[in-house]
Amino acid sequence: MKLTLKIVSFLFLPFIFINGQNTSDIDLIKKAKQEIYDNPDKAIHIGEQLLKKDNDLKTSIEIYMLLSTSNVAKRNFDESLKYILKAKELSQKINDPKSQVSVLVSVAIQYQQMELFSKSLETLNEADQYLARIPEKTPEKYIETATSNAIRGMVYKSQSNSEIALEKFLISIDNFEKVPSKKTTYSNMSVVYYNIGYCYLNLNQIDNAEQAFLQSINYAKRNHAKSLEAFALKGMSEVHKQKHENQTSLNLLIKAENLSKNTGDIILNEGIYKEMADNYLAIRQQSLYQLYHKKYLEMSFKRKQNELTSINQVIDNHNKDTSIKSQKLKSQYHYMQILSFAIAGILIIVLLYCILKIRKQNKKFQKEIQQVIRTS
């Protein structure tokens, strides 16, 4: 079943501690994070204002990640990628595995959102090296382990490996539940349960899917995350659609549409409109079907345009990295050539010296032999 597997708001917030920053700025960052799900434009505005200040490296990384995540919420991958790559660049200048793994996990989320799955897994493998340096049984370890497994689960789910995806998602839930401050994990757990619901739908386990979507709704409400609740309601609507309970499905979608009004989430709206169109078609309300099918096509076109722009930027960044590596290799090759010529020159000199020495010794031996012959 080709569900809208790509349609998911995966907004795992970074877990970086800010040191040496005044209280008002810390409060502003916390406030911005709370706005990401339901009012990403406000979160972006706060982040841009904070970026104008004289911040230390860790705070700058935090702000760039905030801006990146806020743009992911709007499905503005072009801007999001720009900010997350800046955060990655800064993270290389500090020796803090917590910050480094958090940034890399966010980069992996970005690639997963753009369906660049091999790049996502490659980045997660890089993050694992820093994750291993974080002490066991700490909140940071649990959160990053949970997030990493959730992303892997999403990759497998998108590749139609629902069984493997479920394994990763359940590991993720287990680690999120071990975090002492449970409130910080509610939104993330809502996202993971949403994905678990779709895995069960793919495996045709309708009852399990319904329970997972209920959990997703529950955790979204606990954190007052309207967009996540809207996603979960959309998932629940698909359960009822499969049961041919189309009016119940539509009621849930109408509620989801109202909750998502301020989010500007293209993928969320695309998913809602598609499901509404399908349900109206099933109950033979042709005019409403055409209305929402048109809205779905508009959102789909807008999403594809955003993705195309972002992929072009990824290609540009890849070409830039390749160019830097190529220049480095050329430089190394140049030095190797010089070294090779120098070694070759020394060997030739040594060889010529040995040849001349042997010739000199041979002439000496010849003279001695001739002298012996004459005296005899």
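Biologist: What is the relative accessible area of cysteine 354?

Modeller: Cysteine 354 has a relative accessible area of 35%, so it counts as partly exposed. The terms are set by cut-offs: buried means under 20% relative accessible area, exposed means over 50%, and partly exposed lies in between, with a 1.4 Å probe and protein chains only. This is a predicted model, in which local features need pLDDT of at least 70 and side-chain atom pairs count only at pLDDT 80 or more, while totals for chains, interfaces and linings use all residues. Residues are numbered from 1 along each chain as its sequence is written, and side-chain values use heavy atoms, with hydrogens and water left out.

Biologist: And cysteine 199, buried or exposed?

Modeller: Cysteine 199 is buried, because its relative accessibility is 0%.

Biologist: How many disulfides does the structure hold?

Modeller: The structure holds zero disulfides. The test is a pair of cysteine sulfur atoms within 2.5 Å. In general, a disulfide is a covalent bond between the sulfur atoms of two cysteines.

Biologist: Let us step back. How many helices and strands does the chain have?

Modeller: The chain has 14 helices and zero strands. Both are DSSP runs numbered from the N terminus: helices are H or I with at least four residues, and strands are E with at least two. Of the 376 residues of the chain, 48% count as buried.

Biologist: What about helix 7: how many residues does it have, and how far does it reach?

Modeller: Helix 7 covers residues 139-158, which is 20 residues, and it reaches 29 Å from its first C-alpha to its last. That is close to the expected 28 Å, the expected span being 1.5 Å times one less than the number of residues. Helix 7 is mostly covered, with 17 of its 20 residues buried. Just after helix 7, serine 160 takes a positive phi of about 65°.

Biologist: Where else is there a positive phi without a glycine?

Modeller: Histidine 244 has one of about 65°, and it lies in the loop between helix 11 and helix 12. Histidine 244 counts as exposed because its relative accessibility is 66%. Arginine 284 has a positive phi of about 60° and is found in the loop between helix 13 and helix 14. With 77% relative accessibility, arginine 284 also counts as exposed. For background, most residues other than glycine have a negative phi.

Biologist: Now the interior. How many residues are in the largest nonpolar core?

Modeller: The largest nonpolar core has 50 residues, and those with the most contacts inside it include Phe169, Val192 and Phe213. The largest share, eleven residues, comes from helix 9. Apart from this core lies another of 23 residues, among them Ala43, Ile61, Leu67 and Tyr83. A nonpolar core is a set of buried Ala, Val, Leu, Ile, Met, Phe, Trp, Tyr and Cys residues joined through side-chain atoms within 4.5 Å.

Biologist: Switching to charges, how many salt bridges are there?

Modeller: The count comes to 14 salt bridges, each being a side-chain nitrogen of Lys or Arg within 4 Å of a carboxyl oxygen of Asp or Glu. In one of them, lysine 86 meets glutamate 89 at 3.9 Å, N to O. Lysine 86 and glutamate 89 both lie in helix 4 (residues 77-91), three residues apart, about one turn of the helix. In general, an α-helix has 3.6 residues a turn, so residues three or four places apart point the same way.

Biologist: Which salt bridge links distant parts of the chain?

Modeller: Lysine 98 pairs with glutamate 140, the closest N and O atoms being 3.4 Å apart. Lysine 98 is in helix 5 (residues 97-113) and glutamate 140 is in helix 7, 42 residues apart.

Biologist: Why does glutamate 140 count as buried, or lysine 98 as partly exposed?

Modeller: Glutamate 140 is buried because its relative accessible area is 8%. Lysine 98 has 32% relative accessibility, so it counts as partly exposed.

Biologist: Which residues are linked in a network of salt bridges?

Modeller: Lys241, Lys274, Glu275 and Asp278 are linked in such a network.
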